[in-house]
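Work through the exercises below with the sequence and the 3D structure at hand. Each task is followed by a solution in steps.

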Amino acid sequence: MTLPRKLPETAVPWLRGAAIQRVFAALQKDGDEVRAVGGAVRNALLGEPIHDVDMCTTALPQQVMERAEASGLKAVPTGIDHGTVTVISSGEPFEVTTLREDVETFGRHAVVRFGRDWAHDAARRDFTMNALYCGADGTIHDPLGGLEDCLARRVRFIGRAEDRIREDYLRILRFFRFHATYGAGPTDDEGLSASVRLRDGLLQLSAERIGAEMKKILAVRTCPPVIAVMEGTGILPLLTGGVGRLASLAALKSLTEEVPEAGSPILALACLAGFVPEDAGRIARRWRLSNQERDAIFRALEGSAALLRAAEPAAVLKEKMLAWGRETALDALILAHARTRSAARNEADFMGLHGLCRSWKIPAFPVTGHDLITAGVAKGPALGAAMERLRSLWAASDYRAAREELLASLSGE
């Protein structure tokens, strides 16, 4: 493979922007060097979207602050003790970190010192494809040979995989996420073997960190094969406390081009780890989800089960839209279809229901409590019972019965 020495022309528009070039110009003084690093360089080479740009420099943090402000840029000491300053140029934030090397490591924590050696800085990172740098002119700097891995879409740990994982066990999940997002072919043998051997280290991590990383994995459209590897190696059961529904997850992710809402990581979590609505509480506790996320999983599981057992799913879908709103009902519909699609059931029914969910104008119940009191219904239990009867009549009319028609039915009771 012939490796490029510079970013290709198609990959440099982000680097030529006035905002980032002002940062380079402000900080590259008195022999100090500045380079973009990590995700931006990797994604530029792979043709993937670039969301933010991190930068490294040989200048010390205080020098970064002073030079940025002297050039009219705003500098915020977001992590200055660890060498990071956020420089804001034309409203765009750039995290600039002084080169570092580890002196000692304690799990995810490390004692570091500032330095000027790019190879030492690169050696602190997790994967070779993340240890790539480029200068203001697009020149690629590859201290550890990660460029070939990047272009081959090979996710490989820097140095010994076991050493990198022991520094932070969350790197096991990052290994799978990066492979799902950027990888091609099978997972790296050494990385996978080390991840399996050290999988119990995941139990040392907080539920929040595991939940946040798993949601990132499940947001990736191409995650099902990686999730299958995690299941087969015993890593996924360690996290979910149960068996994963792999076929349903694959079916869900296959829907994302037709139905973008199917890309929701919370819906993927419900699809993968949920069997009955009550599972929502278990999932939320294991991954420390928010109450809103827990409720979304519960309703997706409850609503999908109701749709799958309904003789008239369109009526159930309308009921759920009225009770929960359009988007929540759509989640239940998508989950129900993922279950049936994994069993090779009919697509036409789903697309019809999806169209209904998107186009149905959700009506408002036309009768109020005041209407019933005016009609002579006594306050208290009788009022509630009458309201429920009218709601049932309204639903039986496919939500078409008008206020007068519903109130007229009271006279026959």
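**Exercise 1. Decide whether Glu213 is buried or exposed, then find its salt-bridge partner.**

Step 1. Glu213 has a relative accessible area of 4%, so this residue is buried. Buried stands for under 20% relative accessible area, exposed for over 50%, and partly exposed for what lies in between (1.4 Å probe, protein chains only).

Step 2. The partner is Arg177, and the closest N and O atoms of the pair are 2.4 Å apart. A salt bridge requires a side-chain nitrogen of Lys or Arg within 4 Å of a carboxyl oxygen of Asp or Glu.

Step 3. Glu213 sits in helix H9 (residues 207–218) and Arg177 in helix H7 (residues 171–182), so their salt bridge ties together parts 36 residues apart in sequence. Helices (H or I, at least four residues) and strands (E, at least two) are DSSP runs numbered from the N terminus.

Step 4. Arg177 also counts as buried, because its relative accessibility is 15%.

The model is predicted: local features need pLDDT of at least 70, side-chain atom pairs count only at pLDDT 80 or more, and totals for chains, interfaces and linings use all residues. Residues are numbered from 1 along each chain as its sequence is written, and side-chain values use heavy atoms, with hydrogens and water left out.

**Exercise 2. Find which arginines form salt bridges with Glu167.**

Step 1. One is Arg164, with the closest N and O atoms 2.5 Å apart. Both residues belong to helix H6 (residues 161–167), where they are three residues apart, about one turn of the helix.

Step 2. Another is Arg171, for which the closest N and O atoms are 2.7 Å apart.

Step 3. Check burial. Glu167 is buried at 13% relative accessibility, Arg164 is buried at 12%, and Arg171 is buried as well.

Step 4. For the wider count, the structure holds 30 salt bridges. Asp30, Asp32, Arg67 and Arg116 are joined in a network of them.

**Exercise 3. Describe the ring pair Phe127 and Phe157, then the pair Phe178 and Tyr182.**

Step 1. Apply the rule: rings of Phe, Tyr and Trp (its six-membered ring) pair if their centres lie within 6.5 Å; planes under 30 degrees apart are stacked, over 60 edge-to-face, and the rest tilted. Nine aromatic pairs result.

Step 2. The ring centres of Phe127 and Phe157 are 4.9 Å apart and the planes are at 50°, so the pair is tilted. Phe127 is in the loop between helix H4 (118–123) and strand S8 (133–134), and Phe157 in the loop between helix H5 (146–151) and H6, so this pair ties together parts 30 residues apart in sequence. Phe127 and Phe157 are both buried.

Step 3. For Phe178 and Tyr182 the centres are 5.7 Å apart and the planes at 45°, so this pair too is tilted. These two residues are four apart in helix H7, about one helical turn, and both are buried.

Step 4. Ring pairs connect Phe127, Phe157, Phe175, Phe176, Phe178 and Tyr182 into a cluster.

**Exercise 4. Work out how the buried residues of helix H20 are arranged, and what covers them.**

Step 1. Check the length. Helix H20 (residues 381–396) has 16 residues and should span 22 Å at 1.5 Å a residue; its end C-alpha atoms are 23 Å apart, which agrees. The expected span is 1.5 Å times one less than the number of residues.

Step 2. List the buried residues of H20: Leu383, Ala386, Met387, Leu390 and Trp394. Viewed down the axis of H20, they fall within an arc of 100°, so they line one face of the helix. The arc is taken over the directions from the helix axis to the C-beta atoms.

Step 3. Turn to the face of H20 away from its buried side, which carries the exposed residues Pro381 and Ala396.

Step 4. Among the elements covering the buried residues of H20 are helix H16 (313–324), helix H19 (369–374) and helix H21 (403–408). Contact means heavy atoms within 4.5 Å.

Step 5. Just after H20, Asp398 has a positive phi of about 60°.
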